[in-house]
Amino acid sequence: MPRLRFGTFIFGFMLAMVLLNDTVVRAETYVGGQVGTTFPQPLSDGNVTQHGLGDFTIADQPLKNSIMFGAKVGHYFSRAKWIGVESGLSFANPHIKEGAVTLSNSRGSATGIFPGVHQRMIIWDVATLMVRYPGYRFQPYAGIGPGLFFGKLSGPEAPPGQSATAIGLNVEGGARYYITRRWALFGEMQYHRARMAYTSNDDNPAADPFGFSATYSALTVSFGLSFHF
């Protein structure tokens, strides 16, 4: 996972810079909004979980890039001004592309044309540990923490689809520039990863009955505006 190793390096580098710096800044709380683009990797390591279908695996399923909208709130502490905690919520639609899909088990494999499915992904970065370089105007930062992933599938002309909820990983890094004492522009990259278990909607007889699990991962590049107080 080269992106994850890159995120770990950035986080360690930021922490080292902060420990070598004695700049005094005040504690602060902030709220912000952002917009960007999500670049998802294919759904990988897929397994069929529906009862009666056997021990099938699913070939990787490519996903479409998506616009992302998000909001966040955070706080940097007064006694350790380089350390903070942040919570964020983001929305994206990395739809599953139309194309050939292969199912395999110990008895062989079969390939069919998959029509494509709409996928909505809501991610709550519950509590991200943040480290910043506390400069006067320019502040690089990095963070790592758990995320709660909410996925929903639905065909454009198909019955109601499957849903999934999972705990996953958020790694982020970026920089903030204060244009005034209260307002700042920021740009960042986030890496998200979670194991999603899409279950069939058995309570709805008209719903798609197919259940499967797969790994979701994506890199998001975004820009935003934050207010600090």
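In this predicted model, strand β6 (residues 99-105) and strand β7 (residues 108-114) pair in the antiparallel sense. Seven bridges make up this pairing. L103 stands opposite A110 in β7. The link between β6 and β7 is a hairpin of two residues. β6 also pairs with strand β3 (residues 57-58), again in an antiparallel arrangement. That pairing rests on two bridges. T57 stands opposite S104 of β6.

These strands belong to a chain with one helix and 12 strands. The helix comes at the N-terminal end of the order, and the strands follow it. The chain has 229 residues, of which 42% are buried.

A second set of pairings is centred on β5 (83-92). β4 (66-76) pairs with β5 in the antiparallel sense, over nine bridges. Y76 has G84 of β5 as its bridge partner. A hairpin runs from β4 to β5 through six residues. β5 pairs with β8 (118-132) as well. The β5 and β8 pairing is antiparallel and has nine bridges. Here E86 is bridged to T128 in β8.

β8 also holds R132. Is the charged residue R132 buried or exposed? R132 has 0% relative accessibility and therefore counts as buried, the cut-off for burial being under 20%. Its side chain makes polar contacts with two other side chains. One is with the side chain of E28, at 2.9 Å. Another joins the side chains of R132 and Q139, at 3.2 Å.

S154 offers a contrasting case. This residue lies in strand β9. S154 has a relative accessible area of 28% and is therefore partly exposed, since that class lies between the 20% and 50% limits. Along the chain, S154 and V117 are 37 residues apart. Their C-alpha atoms are separated by 5.8 Å.

Backbone geometry singles out D45. D45 is not a glycine, yet its phi is positive, at about 55°. The residue lies in strand β2 (residues 44-48).

Nonpolar packing was examined next. In soluble globular proteins, nonpolar side chains tend to be buried together. The largest nonpolar core in this model has 20 residues. The residues with the most contacts inside this core are L43, M121, F149, M196, Y198, F212 and Y216. Five strands each supply at least two core residues: β8, β9 (138-154), β10 (160-178), β11 and β12. Which strand gives the largest share of this core? It is β12, with four residues.

The interior also contains enclosed space. Two cavities of 30 Å³ or more were counted. The largest cavity holds about 90 Å³ of space. Its lining is formed by T38, M68, S90, F91, A92, M121, I123, Q190, H192, Y216, A218 and T220. Two or more of these lining residues come from each of β5, β8, β11 (183-198) and β12 (212-228). By class, the lining has seven nonpolar and five polar residues. No charged residue takes part in the lining of this cavity. M121 and Y216 appear in this lining, and both are also among the core residues with the most contacts.

The second largest cavity has a volume of about 50 Å³. Q34, A71, K72, E86, S87, G88, L89, S90, D125, E172 and Q190 line this cavity. β4 and β5 are the elements that give two or more residues to its lining. The largest share, five residues, comes from β5. The lining of the second largest cavity divides into two nonpolar, five polar and four charged residues. E86, the bridge partner of T128, is one of the lining residues of this second cavity.

The two linings have residues in common. S90 and Q190 line the largest cavity, and S90 and Q190 also line the second largest. β5 gives two or more residues to the lining of the largest cavity and five residues to that of the second largest. β5 is also the strand that pairs with β4 and with β8.

Definitions and conventions
Residues numbered from 1 in each chain as written. Predicted model: local features only at pLDDT ≥ 70, side-chain atom pairs only at ≥ 80, totals over all residues. Heavy atoms only, no water. 1 Å grid on protein atoms, 1.4 Å probe; cavity = no way out; pocket = protein on both sides within 12 Å on 5 of 7 lines; lining within 4 Å. Points joined across faces, edges and corners; volume = space filled by probe spheres on them. Nonpolar A, V, L, I, M, F, W, Y, C, P; charged D, E, K, R; others polar. Pairing = 2+ DSSP bridges. Buried < 20%, exposed > 50% of the residue type's maximum accessible area, 1.4 Å probe, protein only. Polar contact = N/O pair within 3.5 Å; in protein donor to acceptor, adjacent residues only side chain to side chain. Core = buried A, V, L, I, M, F, W, Y, C linked by side-chain atoms within 4.5 Å.
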